[in-house]
Amino acid sequence: MLKKLLFLTAIGISGAAFSQQNIKEKLGNYFDSLFVHHKVMGSFAFAENERPTFVKVIGFADVEKQQKANVNTQYRIGSISKTFTAVLVMKAVEEKKISLNQKLSEFYPEIPNASKITIENLLQHRTGIHNLTNEAEYWQYNTKPQTESSLVDIIKKYKSDFEPGSKHEYSNSNYILLGFILEKVYKKSYAELIKAKITKRLKLTLTEVGGKIDTSKDQAKSYQFTNGKYEVSNETDMSIPIGAGNIISTPRDLLEFILGLENGKLIKKENVDKMKNFIDNYGYGLVKVPFDKYSGFGHTGGIDNFRSALFYFPDLKTAVSFTTNQADMDTNEISIKMVETAIGKDFKMPSFKTLEIPEADLQKFVGNYASPDVPLKINIFIKDKKLMAQATGQGAFPLEATSETSFKFDMAGIVIDFYPAKKQFIIIQGGTKNTFTKE
């Protein structure tokens, strides 16, 4: 649930600029290629000068029924919901229902360190409250309905991770508590607050608190592509991520939301500015997002096998958003290509070609590798005639060959180039290169 996906790496913008319409067509072709190669299904949109200028939808809302997704298909947006919650909190501040320096102990004194934790600490993930989704037991109850009482009981049993206010550490528990606090101060459900104070004001007809997925209402299920077929994912019960990740929406609605927020249509401009009070790159339900020499803001989301992103770059007057219900690649690459296209820059179309290398030829890569610059080792081994990699304490992942000595793992944006004569490989991820040597 609610995975923390908060990155858009700063990159250099390169490539010859040509007709932006050509680049948009190329971006559309890029998404078609991703779908054909089972890399992604989803919906994508961006706006230039506050006007939507690109929309593309690929794949299915329901694979079993062969029900194609369309521009009105709703997807779970995961932690982008936190931005909505932060807006509601700032609205509650404006309406004098709550204050940023109010203590958590006024609502939940049983939470560890509640008397030291402020509403602002909750907004900025600076509480020390343990993230309930980090625990193995979470997967035992995440598909079952929960109540306020049961969730608070779960959150309060974990010890505090650090002294409140001392540092930033992302925790879904913070925003679950904010969701319940909003219900208490307004005496209304979180779903009612989203409708009354956000979606109704912006005329967002496809944004709401989600429930059990109903594909007959044009809501998408999420999937993983395994062994040549789509497998439907388990559904988190939406009673759990209240305030932290329980909203469903579309990229077009999300663009209207972030532009409406920026233009003061939801809360006062001074409070929008407060939301951008970034400490450790996190504000009030907003993440600071670098792109080349520019700086934007927004949030990303992940719940079940849904992935989403929503970014706005004021200097570029560009907003981008996507929602996916299957992704077998690093979706950060999608964000980068969308921003590049929106500002009229060409991008490099990836190659989806892979090679089948005989197992005997893979043997020369097998072994344990270490690097003086990285505090973990990587084991390269063969399983079911495929080359695999596994870092210390992490799960194994398959490597696809793009040449006799180069391999990739798209889901994490990893490229590994082997140099058998030197008994080394170079691993590249997010623009960072590290050399590992066989022990």
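At what angle do the axes of H2 and helix H7 (residues 190–202) cross, and within what distance do they come? In this predicted model, the two axes come within 11 Å and cross at roughly 85°. An angle of 65 to 115 degrees counts as roughly perpendicular, and H2 and H7 are therefore roughly perpendicular to each other.

**The H2–H7 contact**

On the H2 side, the contact is made by Ser-81, Phe-84, Thr-85, Val-87, Leu-88 and Lys-91. Helix H7 contributes Tyr-190, Leu-193, Ile-194, Lys-197, Ile-198 and Arg-201. By residue class, the contact of H2 with H7 divides into 7 nonpolar, 2 polar and 3 charged residues.

**The nonpolar cores**

Phe-84, one of the H2 residues in this contact, also has a prominent place in the largest nonpolar core, which has 69 residues. Together with Leu-104 and Ile-119, Phe-84 touches the most other members of that core. Helix H6 (residues 172–186) gives the most to the core, with 9 residues. Leaving aside neighbours within four places in sequence, Phe-84 is in contact with Tyr-190, Ile-194 and Ile-198, as well as with Ile-77, Thr-207, Ile-247, Leu-254 and Phe-257. A second core of 27 residues is separate, and Val-40, Phe-313, Leu-316 and Val-320 are among its members. In soluble globular proteins, nonpolar side chains tend to be buried together.

**Two serines in contrasting settings**

Ser-81 is found in helix H2 (residues 81–94), whereas Ser-216 lies in the loop between strand S6 (208–209) and strand S7 (223–226). Buried means under 20% relative accessible area and exposed over 50%. Ser-81, at 0% relative accessibility, therefore counts as buried; Ser-216 has a relative accessible area of 62% and is thus exposed.

Not counting residues up to four places away in sequence, Ser-81 touches Tyr-190 of H7 and the residues Gly-243, Ala-244, Gly-245, Asn-246 and Ile-247. With Asn-246 there is also a polar approach, in which the Ser-81 side chain reaches the backbone nitrogen at 3.4 Å. For Ser-216, a polar contact joins its side chain to that of Asp-214 at 2.5 Å.

| Serine side chain | Partner | Distance |
|---|---|---|
| Ser-81 | Asn-246, backbone nitrogen | 3.4 Å |
| Ser-216 | Asp-214, side chain | 2.5 Å |

A separation between C-alpha atoms can be added for the loop residue: Ser-216 and Gln-363 are 147 residues apart along the chain, and their C-alpha atoms are separated by 50 Å.

Key
Residues numbered from 1 in each chain as written. Predicted model: local features only at pLDDT ≥ 70, side-chain atom pairs only at ≥ 80, totals over all residues. Heavy atoms only, no water. Core = buried A, V, L, I, M, F, W, Y, C linked by side-chain atoms within 4.5 Å. Buried < 20%, exposed > 50% of the residue type's maximum accessible area, 1.4 Å probe, protein only. Contact = heavy atoms within 4.5 Å. Polar contact = N/O pair within 3.5 Å; in protein donor to acceptor, adjacent residues only side chain to side chain. Axes fitted to C-alpha atoms, helices over the stretch in contact; angles between N-to-C directions. Parallel < 35°, antiparallel > 145°, perpendicular 65-115°, else oblique. Nonpolar A, V, L, I, M, F, W, Y, C, P; charged D, E, K, R; others polar.
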